[in-house]
Number of protein chains: 2
Amino acid sequence: MEMDNEQQLDETVHSLSDLLESGQDEEFINAFDNLHDFEMGKVYAALPARVREVAWRTMDDETLASIFDNLEIEDSDVVDLLSELPPKKGADILERMYADNEADLLQAMPARMVATYLQLLPAEDAQEMRKLIKYDDQTAGALMATEYLAVQKGMRVAEVLEKVKEQASEAESIIYIYVIDADQRLIGVASLRDLLTHPDEMLIDEITNTRVVSVGAEDPQGDVAQVVADYNFFSIPVIDKEQHLLGIITVDDIVDVIDEEAVGEYSGLAAVDVSQTDDTPWHSAIKRIPWLLVLLVLGLTTTALVGSFEGSIRQAPVLAAFITLITGTAGNAGTQSLALSIRRLSVGNDKSIAKNFFSELLSAAILALAAGITIGLVVLLWRQNNDLAAAIGLSMAAAIFLASLLSAIIPVIIDKLGYDPAVANGPFITTLCDLTSVGIYFIIAQQFLTYFVGS
Amino acid sequence: MEMDNEQQLDETVHSLSDLLESGQDEEFINAFDNLHDFEMGKVYAALPARVREVAWRTMDDETLASIFDNLEIEDSDVVDLLSELPPKKGADILERMYADNEADLLQAMPARMVATYLQLLPAEDAQEMRKLIKYDDQTAGALMATEYLAVQKGMRVAEVLEKVKEQASEAESIIYIYVIDADQRLIGVASLRDLLTHPDEMLIDEITNTRVVSVGAEDPQGDVAQVVADYNFFSIPVIDKEQHLLGIITVDDIVDVIDEEAVGEYSGLAAVDVSQTDDTPWHSAIKRIPWLLVLLVLGLTTTALVGSFEGSIRQAPVLAAFITLITGTAGNAGTQSLALSIRRLSVGNDKSIAKNFFSELLSAAILALAAGITIGLVVLLWRQNNDLAAAIGLSMAAAIFLASLLSAIIPVIIDKLGYDPAVANGPFITTLCDLTSVGIYFIIAQQFLTYFVGS
């Protein structure tokens, strides 16, 4: 790995900028051409804007397109880089990019910009883009490339190999060759490996696997990722409802999907966007403030509830000592249930929801009993007060049971309503459980109050 | 997708079991052969043990090895399936599997079993395995396959293509051809695509890219995954310190690594293992009990601390009402800092730790000020008590600031000590923050106590 840390990248950016600024365009191009596409992208994006202009004026369209194809930054930032180029040049670059990346950029642009580029693109490409940008952001259609290898059934191995050689530089993946009928319907798949190991005169049909696994253009990307991960495919074909082959999704895009989904779930649990780890302190704080304030308001409800029991606390200040223990433990159980519930929703299937709920009910009951009995015994030994021990043990068990159930069921309800269950984040659930736990605690404690006051 | 949900799989298992039980072995084989490797694995693992025995007696070793290569279950469960076979048969299957999977299984076995299989394996394979199983679980070495395509420099394109055809059925990936020198040192890579599009008589050296990106056998798998994801590679070569080519890692294994890492981080944040979503309620509860009890004990420290302020609470019961609000909000801020800190550690580089800490310090200060002022104003309007408002606002700000800092720095310390920072889970941090928040709150409140009691 010749560029496995930021320092080396910094050095490369510096030395390449220097070459450009001192007018050594040719040396720049030579050094730059030696980089991998991903590295070119990193350097290009990191160059000072003024130097970047010299850079793109020096490079040919193919190289620029390959850089834009391999920029591992947010689409909106790629759009910013693209808009540094004159519109006509931008359109030339877009046209040379892979269709899935080209469509992603168009989707990330303001409408007026899209219109400009669609007018500048060749008619055929513009028409294809109009089709592709219609697919919802999170569907297979939005992820697919239209540069794939498809051949008609009935061709011979030698002919297919000839076609592979012709299209190899265009297609995004040449590992699988898709076999279609005269109507462009997908009927099977052959691997380049099979092609290479069978005689030239054999019919492609004989080495075509007709049990081809495909996904629909409207399928959610998460489901596609699961299929590709399970089957260990390098790419998967995308079809419409009539089995027409529309495009392919390659495993490198799947890697990004899995990464993004994981970061999304993780961010949801913590109620903070962890994908931008290099934010400034100011931006990072500003992003976290809204959720903290929402939760502060929810927390004030809990405060008001505790406040309404001020009389009980005045009589038995010891009650205050156990508030944090009960809300904290219930909150922890809730966070665990929440994580399990969201994970089940993201990997599971519909029919198991009822079963899972019953399973969670039982699991929560066992946890509640274990924690309730433990804390009851501890309080008994510590404070030598039966009634206080019973009140705390009972409250703890009830609070954990309710917190677990709420945390397990809320994501399911949100999901059923058609929203992303990950909006039910950990801090929200914890704060909500604080409210229910405090309520349970003081209601139970009040029943025992007459017995243990003063003891 | 012909088997995209469990119901269809159940049906397939049933109909295939029926075929075997009624003695229709040939029909079974035909139906089974039509499945994809991954589906075969799912069916094979789901068959009743009695029927599975009929199944493996019916199948040839190649098919069985391919099933074992594609089982998407825990390695220890695969070992269980393997030990259903007679040892000699088991060794035959192991030998036919890809080296990375074979080594994974050996690593998941008890020592005595490993010894048995190593004796039964052909000497050459056993020797290779002895090398492979030495690599640590989480390193590139443990992930690599040794079935790769390598050719000596100086060969002609036609010769290389001939070699590709010969080895195509053995090698795990034929997308890249690695070019080595006489000492087996990696000097470059060529793609099958380039091979197909260049004239037969050309030297391979001319289409070899010598800027080959590789990883070391001891590199952590997470780093390898990052490189493969960034560069969009289908596979990456693994080398030793002297540049000798040891094996390759293919992107399908990387997909699994990314998945596992994400599940691990997510599980860590919630202090619950979310990878086993189909546990029984009993097992699920048993697994969650230890952490809950540890946290209960930590929580009791907080209880004791609040208890020591019983006098203050008796004087001003209103103090109790704000305990949950302050601990809750500080806990939420802590969870966010924790998630950001762990994520930074998993994607970032060393030199940025000091910078990140300073950045977190600033960000925490902004958050603390915002929440402190907000809650101070709310209390002022609600209770019309300047001193109470000051005490609550000040406590809130200090508690949030300390919680954010602790949560950001604890994972870094754990990481520096050489442990996995994810052991600092969300509930632990929240419970720890409860303790610090309560301490801060009551110390500050006591200073103001004389002013606002009775008001």
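1. In this predicted model, A:D230 counts as buried, because its relative accessibility is 16% and the limit for buried is under 20% relative accessible area. A:D230 belongs to helix α13 of chain A, which covers residues 221–231. Which residues does A:D230 touch, leaving aside those up to four places away in sequence? They are B:F38 and B:E72, and the letter B in their names shows that both belong to chain B.

2. The relation between the two chains deserves attention next. A turn of 180 degrees, with a shift of 0.0 Å along the axis, lays chain A on chain B with an RMSD of 0.1 Å. This is therefore the relation of a two-fold axis. Both copies use the same surface, since 100% of the contact residues of chain A recur in chain B.

3. Strand β2 of chain B comprises residues 176–180. Is this strand enclosed or open to the outside? Five of its five residues are buried, so the strand is largely enclosed by the rest of the structure. In a regular strand, side chains alternate between the two faces of the sheet. For β2(B), one side carries B:Y176, B:Y178 and B:I180, while B:I177 and B:V179 are on the other. All of these residues are buried, and both faces of the strand are thus covered.

4. The strands that pair with β2(B) should be described together. Strand β1 of chain B, residues 150–152, runs parallel to β2(B) and is joined to it by three bridges. Within this pairing, B:Q152 has B:I180 as its bridge partner. Strand β3 of chain B, residues 186–191, pairs with β2(B) in the antiparallel sense, over five bridges. Here B:Y178 stands opposite B:V189 of β3(B).

5. The connection from β2(B) to β3(B) is a further point for the student to examine. The two strands form a hairpin, with five residues between them. Which residue in the turn has a positive phi? It is B:Q184, with a value of about 70 degrees.

6. The last point concerns the surface of chain A. A:L369, A:I373, A:L377 and A:L380 make a nonpolar surface patch of about 370 Å². One of these residues, A:L377, lies in helix α19 of chain A, which spans residues 353–383. A:L377 has a relative accessible area of 49% and is therefore partly exposed, because exposed requires over 50%. The same residue can still take part in the patch, because patch residues need over 30% relative accessible area and no salt bridge.

Key:
Residues numbered from 1 in each chain as written. Chains lettered and ligands numbered in written order. Predicted model: local features only at pLDDT ≥ 70, side-chain atom pairs only at ≥ 80, totals over all residues. Heavy atoms only, no water. Patch = residues over 30% accessible without salt bridge, like charges linked within 9 Å, V, L, I, M, F, W, Y side chains within 5 Å. Areas by Shrake-Rupley, 256 points an atom, 1.4 Å probe, with all protein chains shown as cover. Salt bridge = Lys/Arg side-chain N within 4 Å of Asp/Glu carboxyl O. Helix = DSSP H or I, 4+ residues; strand = E, 2+ residues; numbered from the N terminus. Buried < 20%, exposed > 50% of the residue type's maximum accessible area, 1.4 Å probe, protein only. Least-squares fit on C-alpha atoms with pLDDT ≥ 70 in both. Contact = heavy atoms within 4.5 Å. Pairing = 2+ DSSP bridges.
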